[in-house]
Each structure stands twice: as structure tokens, then as C-alpha cells.
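Thanks, everyone. I have one structure to go through today, and I will keep it short. Please have a look at it first.

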Amino acid sequence: MASDYWLAYETSAKRALSFNPSLFISVYSIIAAVSMVLITIRAIFVTALGLKTAQILFKQILHSILHAPMSFFDTTPSGRILSR
């Protein structure tokens, strides 16, 4: 979004006479680099959080199954358990 604002600001009619291509490309490159770094950090954060959540969910499911009463497994057919 910052790149859109920069592009609109630098190419406006008011700034047309004082347009400096090297400054324009430099600022645009800096904005792109910062965006790439932030997107990479976000991707790593989402991946780590998703992995941690999956591990917690698996531990809770395993705990629930291992601590279920045996009468549940005796009275419920295995096909009904597996189809869930």
C-alpha cells in the first residue's frame, strides 16, 4: 500500500517538473525490500503458530482417547469410531 501512495505522489501533476528517477526507484526499492522482509516474518510466524497449535491439538486428542473409559470402546463399533 505504501508503494501505491509513493507512486501516486511522485507521478502527480504537481511533481512532474521536479521528477527525479533515481530517487523514485530508490524509495520504491526500499519499500519493496521492507515489504518482502515483513511478509517473510509473517509467513514464519504463521507457520510456527500453526505447528504449535497442531501439536497441542494432537496432544489433547491423544490424551482424550487414552483416558476414555473402556466401556465406550466395548459398546461402540469400530466402524462408527473410524467414520468420524
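Going from the N terminus, the order of elements in the protein chain is α-α-α-α. That is four helices and zero strands. Keep in mind that this is a predicted model.

Now the overall dimensions. How far does the C-alpha trace of the protein chain span along its principal axes? About 85 × 20 × 15 Å. The radius of gyration of the protein chain is 28 Å, whereas a compact globule of 84 residues would have a value near 12 Å.

Next, burial and surface. Of the 84 residues in the protein chain, 6% are buried. The protein chain has an accessible surface of about 7400 Å², and carbon and sulfur atoms account for 72% of that.

The last item is a nonpolar patch on the surface. Which residues make this patch? They are Leu57, Phe58, Ile61, Leu62, Ile65, Leu66, Met70, Phe72 and Phe73, and together they form a patch of about 910 Å². As for the helices involved, α2, residues 21–66, and α3, residues 70–75, each supply at least two residues of the patch. Which helix gives the most to the nonpolar patch? That is α2, with six residues. Leucine 57, for one, lies in helix α2.

To go back over it: the predicted model has four helices and zero strands, a radius of gyration of 28 Å, 6% of its residues buried, and a nonpolar surface patch of about 910 Å² to which α2 gives the most. That is what I have.

Note on methods
Residues numbered from 1 in each chain as written. Predicted model: local features only at pLDDT ≥ 70, side-chain atom pairs only at ≥ 80, totals over all residues. Heavy atoms only, no water. Patch = residues over 30% accessible without salt bridge, like charges linked within 9 Å, V, L, I, M, F, W, Y side chains within 5 Å. Areas by Shrake-Rupley, 256 points an atom, 1.4 Å probe, with all protein chains shown as cover. Salt bridge = Lys/Arg side-chain N within 4 Å of Asp/Glu carboxyl O. Rg over C-alpha atoms; globule rule 2.2 N^0.38 Å. Buried < 20%, exposed > 50% of the residue type's maximum accessible area, 1.4 Å probe, protein only.
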